[in-house]
Amino acid sequence: MRRSDKQIKDPELLLEILNQSQVCRIALCDGEKPYLVPMNFGYSENTLYLHSATGGRKIDILKENNNICFQMDIETQIVKSENPCNWGMKYLSVIGSGHAHIINDIQEKKEALDIIIAKYSKKSDESAEKSFEYSDEALSKVLVIKVEVEEITGKKSGY
């Protein structure tokens with residue numbers, strides 16, 4: 001990171017950003033062209049889980065090249081001054097990379113979906129009820145991508 005003074009080194013703050021972010025943007029390599037997609041996600045134990053349709057461009061790309069980069073941010077705010085050239089931005093962000101794999105095992109898929117659904121339903125990790133019910137039809141219509149995180153960094157600006 002070029003600006004080490006902005007680097008987030010606190011693992012708890014990195015986890016807070018991951019938990020508070022509503023959207024994960026993933027970047028993929030489609031031959032010579034980059035492809036960027038916003039996605040719903042969950043995060044647990046150094047693993048990112050992405051909720052996806054069963055087909056489409058991102059799935060086609062991942063079958064050819066499973067390298068993935070991801071980004072999330074929270075608390076974004078423009079900081080204005082009299083001179084627009086001096087404007088800035090406040091934010092907390094995370095960028096990481098890893099290798100993506102499609103989850104085929106039904107039980108593992110359900111557990112990954114539980115992590116994603118718990119995030120958006122606000123069920124905390126301490127909640128006794130972390131398991132959800134999924135019909136066979138619903139499970140057949142969704143794909144879960146598992147990203148084993150290999151690298152992750154955080155950055156803060158204006159904080």
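Buried means under 20% relative accessible area, exposed means over 50%, and partly exposed lies in between, with a 1.4 Å probe and protein chains only as cover. Keep those cut-offs at hand for the whole tour.

This is a predicted model, in which local features need pLDDT of at least 70, side-chain atom pairs count only at pLDDT 80 or more, and totals for chains, interfaces and linings use all residues. Residues are numbered from 1 along each chain as its sequence is written, and side-chain values use heavy atoms, with hydrogens and water left out.

**Stop 1: the whole chain**

Show the cartoon. You should find four helices and eight strands. Helices (H or I, at least four residues) and strands (E, at least two) are DSSP runs, numbered from the N terminus. Trace the chain from the N terminus and the order reads β-α-β-β-β-β-α-β-β-α-α-β.

Now frame the C-alpha atoms along the principal axes. They fill a box of roughly 60 × 45 × 25 Å. Of the 159 residues, 34% are buried. Turn on the surface: the accessible area is about 9,800 Å², and carbon and sulfur atoms account for 48% of that. Areas come from the Shrake-Rupley method with a 1.4 Å probe.

Colour by charge next. The mean positions of the 21 positive and 25 negative charges lie 8 Å apart. Here Lys and Arg count as positive and Asp and Glu as negative, while His and the chain ends are not counted. Each charge is placed at NZ of Lys, CZ of Arg, CG of Asp or CD of Glu.

Then consider contacts, meaning heavy atoms within 4.5 Å. Among those between residues at least 6 apart in sequence, 70% join residues at least 24 apart.

**Stop 2: Met72 and Ser93**

Select Met72 in strand 6. Its relative accessibility is 0%, so Met72 counts as buried. Show its surroundings, skipping residues up to four places away in sequence. Met72 touches Ile17, Leu18, Ser21, Val23, Cys24, Arg25, Phe41, Leu48, Leu92, Ser93 and Val94. Draw a distance to Gly154: the two residues are 82 apart in sequence, yet 9.6 Å apart in space, C-alpha to C-alpha.

Move on to Ser93, in strand 7 (residues 88–102). Ser93 is buried because its relative accessibility is 8%. Its contacts, again without residues up to four places away in sequence, are Ile8, Ile17, Gln71, Met72, Asp73, Thr153, Gly154 and Lys155.

**Stop 3: Val37**

Go to strand 3 (residues 33–39) and pick Val37. Val37 has a relative accessible area of 12%, so it is buried. Leaving aside neighbours within four places in sequence, Val37 is in contact with Cys24, Arg25 and Ile26. Ile102 lies 65 residues along the chain from Val37, and their C-alpha atoms are separated by 16 Å.

**Stop 4: helix 3**

Select residues 106–121, which form helix 3. Its 16 residues reach 22 Å from first C-alpha to last, close to the 22 Å expected at 1.5 Å a residue. The expected span is 1.5 Å times one less than the number of residues.

Which residues of helix 3 are buried? Lys109, Ala112, Leu113, Asp114, Ile116, Ala118 and Lys119 are. Their cover includes helix 1 (11–20), strand 4 (41–44), strand 5 (47–52), helix 4 (136–140) and strand 8 (143–157).

Stay in helix 3 for Ile117. At 32% relative accessibility, Ile117 counts as partly exposed. Beyond its neighbours within four places in sequence, Ile117 is in contact with Phe132 and Tyr134. Phe41 is 76 residues away along the chain, with 8.7 Å between its C-alpha and that of Ile117.

**Stop 5: two positive phi angles**

Most residues other than glycine have a negative phi. Select Asn46, in the loop between strand 4 and strand 5. Its phi is near 60°, a positive value in a residue other than glycine. Asn46 is partly exposed, at 38% relative accessibility.

Then jump to Glu75, in strand 6 (residues 67–79). Glu75 is not a glycine either, and its phi is about 50°. Its relative accessibility is 39%, so Glu75 counts as partly exposed.

**Stop 6: the cysteines**

How many disulfides does the structure hold? Zero, taking a disulfide as a pair of cysteine sulfur atoms within 2.5 Å. Cys69 is in no disulfide, and the nearest cysteine sulfur, that of Cys29, is 9.0 Å away. Cys69 is partly exposed, with a relative accessible area of 32%. End on Cys85, which is exposed at 70%.
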